[in-house]
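Reader: I'm new to this kind of thing. Could you walk me through how to read a protein model, one feature at a time?

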Amino acid sequence: WNFEALARVFPKARFIYTMRPLDEWEQSVTRHYQEKTPAILKQRLEKTPVLNKATGPSALTHDPLYHAMHHALYTGHDTWRDAYEAHDARVRSFFETAPERLLTLNAFEGEQDWTELCEFLGRKIPDAPYPHLSWKAREPANSPPALLNA
């Protein structure tokens with residue numbers, strides 16, 4: 001959510017923008033937050049106190065960064081779809097002048113392999129299967145090799 005600042009601080013950094021079909025994302029985010037709209041999430045966040053030193057299982061939801069991120073990404077929009085489209089437009093606009101720094105990777109369409117990712121990172125294609133993860137099962141089909149140390 002704060003890619004602009006990171007891009008300025010790290011001018012040689014490359015960014016991987018993972019995407020998924022909008023309808024699937026909308027269903028997923030609705031299930032995740034158990035809220036039909038970002039406005040309802042905003043109401044819930046407004047009732048959740050921001051604490052600098054929260055502990056325990058709910059510490060994350062009380063964290064100032066958690067609140068800032070969710071307000072920046074979601075709560076200013078009428079619908080989840082609006083939030084998605086606004087973020088997408090923001091990413092694309094920001095990298096318009098430096099497209100070589102952004103790889104848009106749609107891991108939900110077609111069969112993925114290492115080629116595009118490794119070319120973008122300037123790394124050799126690993127001698128290992130491309131990792132696929134079942135998000136529902138939360139178990140990797142196979143583990144990814146360490147790309148950054150290749």
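**Reading the model feature by feature**

Author: Sure. Let's start with one residue: at 33% relative accessibility, Arg44 counts as partly exposed. Keep in mind that this is a predicted model.

Reader: Why does Arg44 count as partly exposed?

Author: Look at how much of a residue can be reached from outside: under 20% is buried, over 50% is exposed, and partly exposed is in between. Arg44 has 33%, so it lands in that middle class.

Reader: Okay, what does Arg44 form a salt bridge with?

Author: Here's the general idea: side chains of opposite charge can pair when their charged atoms come close. In this case the partner of Arg44 is Glu35, and their closest N and O atoms are 2.8 Å apart. Glu35 is buried, because its relative accessible area is 13%.

Reader: How many salt bridges are there by this rule?

Author: The count comes to 5. One of them joins the side chains of Arg81 and Glu26, at 3.0 Å from N to O. That pair links distant parts of the chain, since Arg81 is in helix 6 and Glu26 in helix 2, 55 residues apart. Both ends are partly exposed: Arg81 has 29% relative accessibility, and Glu26 has 21%.

Reader: And which residue does Arg92 meet in a salt bridge?

Author: Arg92 meets Asp88, also with 3.0 Å between N and O. These two are 4 residues apart in helix 6, so about one helical turn separates them. Arg92 is partly exposed at 39%, while Asp88 is buried at 15%. Salt bridges can share partners too: Asp23, Glu26 and Arg81 are joined that way into one network.

Reader: Let me zoom out. How many helices and strands does the chain have?

Author: You'll find 7 helices and 4 strands. To read their order, start at the N terminus and go along: α-β-α-α-α-α-α-β-α-β-β. The chain has 150 residues, and 28% of them count as buried.

Reader: What share of the contacts comes from residues 24 or more positions apart?

Author: Here you compare places in the sequence with places in space. Among contacts with a separation of 6 or more, 58% are between residues 24 or more positions apart. Leu103 gives you a case to look at: Leu103 and Arg14 are 89 residues apart in sequence, yet their C-alpha atoms are 7.8 Å apart.

Reader: Where is Leu103 found, and what does it touch?

Author: Leu103 is in strand 2, which covers residues 102–106. With a relative accessible area of 6%, Leu103 is buried. Leaving out residues up to four places away in sequence, Leu103 touches Phe15, Ile16, Tyr17, Glu116, Leu117 and Phe120. Phe120 has a charged visitor as well: Arg14 lies over the face of its ring, 5.0 Å from the ring centre.

Reader: Speaking of rings, how many aromatic pairs does the structure hold?

Author: It holds 10. To read a pair, check the distance between ring centres and then the angle between planes. For Tyr33 and Tyr74, the centres are 5.7 Å apart and the planes are at 65°, so the pair is edge-to-face. Tyr33 sits in helix 2 (residues 22–33) and Tyr74 in helix 5 (residues 64–75), so this pair ties together parts 41 residues apart in sequence. Both Tyr33 and Tyr74 are buried.

Reader: What about Tyr33 and Trp80: how far apart are they, centre to centre?

Author: That distance is 5.6 Å, with 10° between the planes, and the pair is stacked. Tyr33 in helix 2 and Trp80 in helix 6 (residues 80–94) are 47 residues apart. Trp80 is buried, just as Tyr33 is. Then you can step back to the cluster, formed by Trp25, Tyr33, Tyr74, Trp80 and Tyr84.

Reader: Last one, the surface. Which residues make a nonpolar patch there?

Author: Leu6, Val9 and Phe10 make a patch of about 300 Å². Leu6 belongs to helix 1, residues 3–9, and counts as partly exposed at 43%. Glu4 is in helix 1 too, but Glu4 is buried, with a relative accessible area of 17%. Setting aside neighbours within four places in sequence, Glu4 is in contact with Arg90 and Phe94.

Methods: Residues are numbered from 1 along each chain as its sequence is written. This is a predicted model: local features need pLDDT of at least 70, side-chain atom pairs count only at pLDDT 80 or more; totals for chains, interfaces and linings use all residues. Side-chain values use heavy atoms; hydrogens and water are left out. Buried means under 20% relative accessible area, exposed over 50%, partly exposed in between (1.4 Å probe, protein chains only). Contact means heavy atoms within 4.5 Å. Patches are made of residues with over 30% relative accessible area and no salt bridge: like charges are joined within 9 Å, nonpolar side chains (Val, Leu, Ile, Met, Phe, Trp, Tyr) within 5 Å. Accessible areas come from the Shrake-Rupley method with a 1.4 Å probe; for residues, only the protein chains shown count as cover. A salt bridge is a side-chain nitrogen of Lys or Arg within 4 Å of a carboxyl oxygen of Asp or Glu. Rings of Phe, Tyr and Trp (its six-membered ring) pair if their centres lie within 6.5 Å; planes under 30 degrees apart count as stacked, over 60 as edge-to-face and the rest as tilted. A charge sits over a ring if NZ of Lys or CZ of Arg is within 6 Å of the ring centre and within 35 degrees of the ring normal.
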